[in-house]
Amino acid sequence: MLTQLTNAYEAAIQAQAQQRKQQVTPFARKVAQSIFSARLLAMEDSNKNIAQYRVVSAPTGSGKSSYALAFIRAYIEVVPDASVLYLVETIRQAEDTFRAMSDLIGENVAVWTVAYDLDSSPEDVLSEHGFVPSRQFSVFALGHYPVVIATHKFYTGPRSDKACVYRGRNRRITFIDERLEGVTVFDVDTGLIKTVRDKLAQEDTTIPEHVTRLTELHDHVEGIWRSASSKSVFDVLTQATHCDLGWFASAKAEPFLNSPDEQVKQVFSFGRSLATGYAFLSRYDRYGDGARFVGYDMNMPLMPGSIILDATADIDGLSLIAKNRTPVPVPHVDFRNLTITHIDPEPLNVVGKKKRLRVSEVAKRADLAKPYAEWIFETIKQHTHPGEKVLAVVNKPFLDHDYLPARSDLADAHDLEGRHVCFIHWGIGIGSNRWKDANAVFLFGEFHKPRRAMVATGLGWREERATRKSLAPYQAFKRKDGPLLSLQEGDLCRWMKQMAMRGNARNIDAHGVCGVQRLYVTGDYDRLIRHKDRMFPGAKVTLAEPDKRLQYGGREALIALLYQVKDDVITVPEIRQATGIDLHRNKKRYLAMPEVVEAMNQNDWDFMPGAGGRGNVGRFIRRFRQAA
């Protein structure tokens with residue numbers, strides 16, 4: 001059967017290439033082999049009933065999704081009882097995948113989203129989603145199709161069994177295209193619990209049971225917060241002795257857990273998490289002045305034969321935390337055609353202080369948000385030319401409040417003095433190729449998530465209840481080898497790389513070299529330096545306004561100097577004159593900093609200590625000069 005499967009896969013690859021009028025390049029061959037290996041391993045997992053994820057982190061734009069579709073065609077042709085579930089993030093991606101799959105395997109595939117529901121009118125679908133479905137399906141008929149496409153949301157919902165079962169058996173293979181958020185976080189405070197309670201109480205002239213339960217929930221968590229002797233940042237929530245919180249995990253709570261009102265759903269879901277031990281308290285500070293209550297739920301069913309297709313799975317930090325994730329070897333992209341420029345976000349700098357405002361703070365005040373938006377326009381104009389296609393990623397409030405134009409389609413882009421600029425916000429766009437012709441991408445700010453949400457994510461992926469023991473590793477959140485920092489850094493790197501690769505860099509050539517693109521970032525300078533080679537190996541980093549950075553002094557000034565200097569030698573006296581740093585006294589401290597080490601590596605510097613004497617001072621020297 002392996003020979004038959006191999007031959008059928010090759011035929012499917014060729015048919016797909018012919019349909020798209022493309023060549024199967026040497027690099028594409030390597031990606032196709034990674035997909036084939038992952039599928040064979042997943043088939044073995046399915047046969048042996050082993051529940052784990054085979055993770056394929058082939059790069060964005062490498063064709064991993066396309067070769068997954070080719071394998072599906074081969075699989076259902078060769079294996080008599082083959083069945084596949086293919087999961088995507090959005091309705092539009094489901095539409096694109098369904099069309100591509102239908103071209104390969106005809107009517108053996110069904111798709112389920114609200115757009116493809118038999119009860120949805122094509123006119124409404126066109127108005128809301130921008131396309132007319134070629135076919136529509138009943139959710140109850142999905143079990144008759146060997147291949148089904150659905151969204152991540154449907155897979156984690158109450159009717160997922162309609163897509164997961166084929167002819168009375170669980171589907172043999174499940175593809176998860178891009179990382180599914182396998183942990184849902186319920187983040188509440190006592191004020192929200194009271195708001196929901198009062199809202200529901202107004203709907204009834206009596207005091208129904210669910211309102212009483214909400215009062216008990218409120219009093220219980222507030223009592224813990226006020227009476228706890230511990231002041232840990234993340235603390236356990238003890239089970240109630242004076243009331244039965246198990247009600248929230250009972251059938252009586254189901255209508256509220258599935259409520260269309262998001263606030264109601266959040267509060268009741270938190271109650272269920274608390275009742276089952278999957279919740280904790282998160283203090284604002286060590287003095288206990290304010291707190292949030294965080295519940296979490298592992299909502300992604302892990303089935304034997306599961307494969308994750310995620311370009312950033314190798315850097316997102318989950319591999320260090322999660323259980324049951326096994327990577328499959330993949331080829332790597334050469335980013336020599338990507339130039340990364342770090343821009344200092346001038347409007348965020350606080351005059352006279354070495355600190356910056358948070359973008360979230362700026363967005364709340366029109367007197368700050370408007371100048372910041374104007375600075376974004378000017379920055380784009382400064383680094384691009386008329387006629388260029390540009391993608392700018394910003395924080396959502398700047399689009400919601402019309403500080404910036406919410407124009408997300410290159411065909412209808414914002415005209416910025418002749419430049420075609422699309423503005424989208426952090427949190428969307430992963431997996432999309434809508435901006436693949438953009439040769440300049442700007443990442444303004446970063447996609448920060450609260451620490452408490454990252455703690456819940458880590459515990460959830462490890463399937464751990466919130467106990468003092470399980471929370472202990474997260475308390476020292478600045479510890480470099482701790483799980484919280486790994487998750488935070490990994491998630492920020494994931495979003496940076498995913499959004500950076502929406503532009504022309506995703507167009508990878510026959511030899512695995514990315515397309516020509518300029519990337520401009522304003523996020524954390526040190527993080528970019530530390531992780532550049534993990535995210536974009538081979539890319540070149542430059543700094544906007546390097547002379548200004550030298551005035552900042554300290555680590556940032558030294559790194560700026562290492563990137564800026566064109567000479568092959570920089571002496572310790574020259575460094576002191578340019579930055580104010582005395583490496584004669586502080587050499588060990590600075591040269592041990594990870595960001596400085598990376599800056600040296602990326603610019604081919606070594607440090608040669610002085611041996612005494614007026615003419616033999618310490619210096620940075622280029623490695624190629626030493627070799628000569």
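Tutor: Quick vocabulary first: buried means under 20% relative accessible area, exposed over 50%, and partly exposed in between (1.4 Å probe, protein chains only). We're looking at a predicted model, where local features need pLDDT of at least 70, side-chain atom pairs count only at pLDDT 80 or more, and totals for chains, interfaces and linings use all residues. Residues are numbered from 1 along each chain as its sequence is written, and side-chain values use heavy atoms, with hydrogens and water left out.

Student: OK, is Arg585 buried or exposed?

Tutor: Arg585 forms a salt bridge with Asp582, with the closest N and O atoms 3.7 Å apart (that's a side-chain nitrogen of Lys or Arg within 4 Å of a carboxyl oxygen of Asp or Glu). Asp582 is buried at 12% relative accessibility. Arg585 sits at 70%, so it counts as exposed.

Student: How many residues apart in sequence are the parts that Arg494 and Glu181 tie together?

Tutor: Their side chains meet in a salt bridge at 3.7 Å, N to O. Arg494 is buried at 2% relative accessibility, while Glu181 is partly exposed at 39%. Arg494 lies in helix α17 (483–500) and Glu181 in the loop between β7 (173–177) and β8 (183–188), so the distance in sequence is 313 residues. Helices (H or I, at least four residues) and strands (E, at least two) are DSSP runs numbered from the N terminus, but the value you asked for is 313.

Student: Which helix gives the largest share of the largest nonpolar core?

Tutor: A nonpolar core is a set of buried Ala, Val, Leu, Ile, Met, Phe, Trp, Tyr and Cys residues joined through side-chain atoms within 4.5 Å. The largest one has 151 residues, and Tyr9, Phe280, Leu443, Phe536 and Phe620 touch the most other members. With 10 residues in this core, the largest share comes from helix α3.

Student: Where do the buried residues of α21 sit around the axis, and over what arc?

Tutor: Val572, Ile575 and Thr579 are the buried ones in α21 (572–579). The arc is taken from the directions from the helix axis to the C-beta atoms. These three are on the same side of α21 because their arc is only 55°.

Student: How many disulfides does a search of the whole structure find?

Tutor: The criterion is a pair of cysteine sulfur atoms within 2.5 Å. Cys164 counts as buried at 11% relative accessibility, and Cys422 counts as buried at 0%. Searching the whole structure, the disulfide count is 0.
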